[in-house]
Amino acid sequence: MLNYYRNGQDSVAWHADDEAELGPNPVIASVSFGAERPFQLRHKTRQDLPRHRLLLRDGTLLLMGNTLQDKWMHQIPKVKGLIEPRINLTFRTVY
Ligand SMILES: O=C(O)CCC(=O)C(=O)O
Ligand SMILES: [Mn+2]
């Protein structure tokens with residue numbers, strides 16, 4: 001899949017890539033190009049666990065696997081004042 005973020009006002013809300021057609025515990029490879037954007041993670045049910053925040057820079061490879069999609073949600077939040085675009089490619093197997 002390809003996501004194009006025109007600027008900091010384009011975003012992806014909290015979700016998990018846990019659709020049945022991806023199978024259990026999918027491995028998803030995610031590559032980022034262009035503007036640096038934060039990537040946030042929060043546990044689906046355990047509010048006592050800390051949230052995590054990664055910076056996805058130009059050329060970053062993020063590998064998501066194990067129970068990440070089953071137990072956690074992620075988002076790309078809006079960033080005020082950001083005018084540079086970003087492209088994200090994700091590679092996932094659909095069964
Ligand atoms: O743009 C990103 O880094 C993540 C996009 C995403 O979560 C998705 O396409 O499912
Ligand atoms: Mn996702």
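**Notebook: ligand 1 and the strands**

I began with the surroundings of ligand 1: Met1, Asn3, Val12, Asp17, Ser30, Ser32, Phe39, Leu56, His74, Ile76, Asn88 and Thr90. I keep in mind that this is a predicted model.

Next I asked which elements give two or more residues to this shell. They are strand 3 (28-34), strand 7 (72-76) and strand 8 (86-91). I then sorted the shell by class and found 5 nonpolar, 6 polar and 1 charged residues.

I followed strand 3 to its partners. Strand 3 is joined to strand 8 by 6 bridges, and the two run antiparallel. I looked up Phe33 and found Ile87 as its bridge partner in strand 8. Strand 3 also has 4 bridges to strand 6 (residues 61-64), again antiparallel. There I noted Ala29 opposite Leu63 of strand 6.

Then I turned to the open sheet. Its 4 strands come in the order 2-7-4-5, with antiparallel pairing. Which strands stand at the edges? I found strand 2 (12-15) and strand 5 (52-56) there. Each has a single partner strand, so one side of each lacks a neighbour in the sheet. I also checked the angle: neighbouring strands of this sheet are turned by 15 degrees against each other on average, direction ignored.

Last, I looked at strand 4 (residues 37-43). I counted 5 bridges between strand 4 and strand 5, which run antiparallel. Phe39 stands opposite Leu54 of strand 5. I had already listed Phe39 around ligand 1.

Terms used:
Residues numbered from 1 in each chain as written. Chains lettered and ligands numbered in written order. Predicted model: local features only at pLDDT ≥ 70, side-chain atom pairs only at ≥ 80, totals over all residues. Near = placed C-beta within 6 Å. Nonpolar A, V, L, I, M, F, W, Y, C, P; charged D, E, K, R; others polar. Pairing = 2+ DSSP bridges. Axes fitted to C-alpha atoms, helices over the stretch in contact; angles between N-to-C directions.
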